[in-house]
Every structure is written in C-alpha cells, then in structure tokens.
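User: Could you take a close look at the cysteines for me? I would like to follow the reasoning step by step.

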Amino acid sequence: MARDNLLMVADSEHDANMLYAVRMFVPDPFIYLSLNGKCHVVMTDLEIDRARKQAPHCRVVCLTQ
C-alpha cells in the first residue's frame, strides 16, 4: 500500500491537524513534512530544542540551516 506524502505549514495552537501530527503546541507557524511515512518538522531556533524533546517521532530540522 502506497503512503501519501503531506506538507503542512501552520501553527499547532490553531490547526488541529498540525497538533495531531506533531503532538506539541507551537504558537508560531512551522513546516511539517511527511515523506514515505517519516515525519520531518522545520522549526525556528527558539523552538528547536523543545521540539526535539517533545516530538521524538519526527526528524527536527532548524530553519536557519
């Protein structure tokens, strides 16, 4: 069965889909990408450490990289 790829850009405080995908509240918009069943998020420098702790199921990438 093929998996669908998904791209979302939103904040998880106002978007339930983003909150469900990442499982953490983030007040500022960020990038969520699901490729071949693997989760990737692109976070700002302020949220990067918290995202790595609270979303271990996702690969967390810094926006400035």
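**A close look at the cysteines**

Analyst: Let's warm up at a helix: Asn-17 sits in helix H1, which covers residues 16–22. At 54% relative accessibility, Asn-17 counts as exposed, because the cut-off for exposed is over 50%. From Asn-17 to Asp-28 there are 11 residues in sequence and 15 Å in space, C-alpha to C-alpha. Please keep in mind that this is a predicted model.

Now to the cysteines you asked about. The structure contains 1 disulfide, and its partners are Cys-39 and Cys-58, with an S to S distance of 1.9 Å. That distance fits the criterion for a disulfide, because the two sulfur atoms must lie within 2.5 Å. The bond ties together distant parts of the chain: Cys-39 belongs to strand E3 (residues 38–43) and Cys-58 to strand E4 (residues 58–62), 19 residues apart. As for handedness, the torsion about the S-S bond of Cys-39 and Cys-58 is about 80°, so this disulfide is right-handed.

How exposed or buried are the two partners? Cys-39 has a relative accessibility of 10% and therefore counts as buried. Cys-58, at 9% relative accessibility, counts as buried too. The cut-off behind both calls is under 20%.

That leaves Cys-62 to consider. Its closest cysteine sulfur is the one in Cys-58, but the sulfur of Cys-62 is 16 Å away from it, which means the pair is too far apart for a bond. Cys-62 has a relative accessibility of 10%, so Cys-62 counts as buried.

Conventions. Residues are numbered from 1 along each chain as its sequence is written. This is a predicted model: local features need pLDDT of at least 70, side-chain atom pairs count only at pLDDT 80 or more; totals for chains, interfaces and linings use all residues. Side-chain values use heavy atoms; hydrogens and water are left out. Helices (H or I, at least four residues) and strands (E, at least two) are DSSP runs, numbered from the N terminus. Buried means under 20% relative accessible area, exposed over 50%, partly exposed in between (1.4 Å probe, protein chains only).
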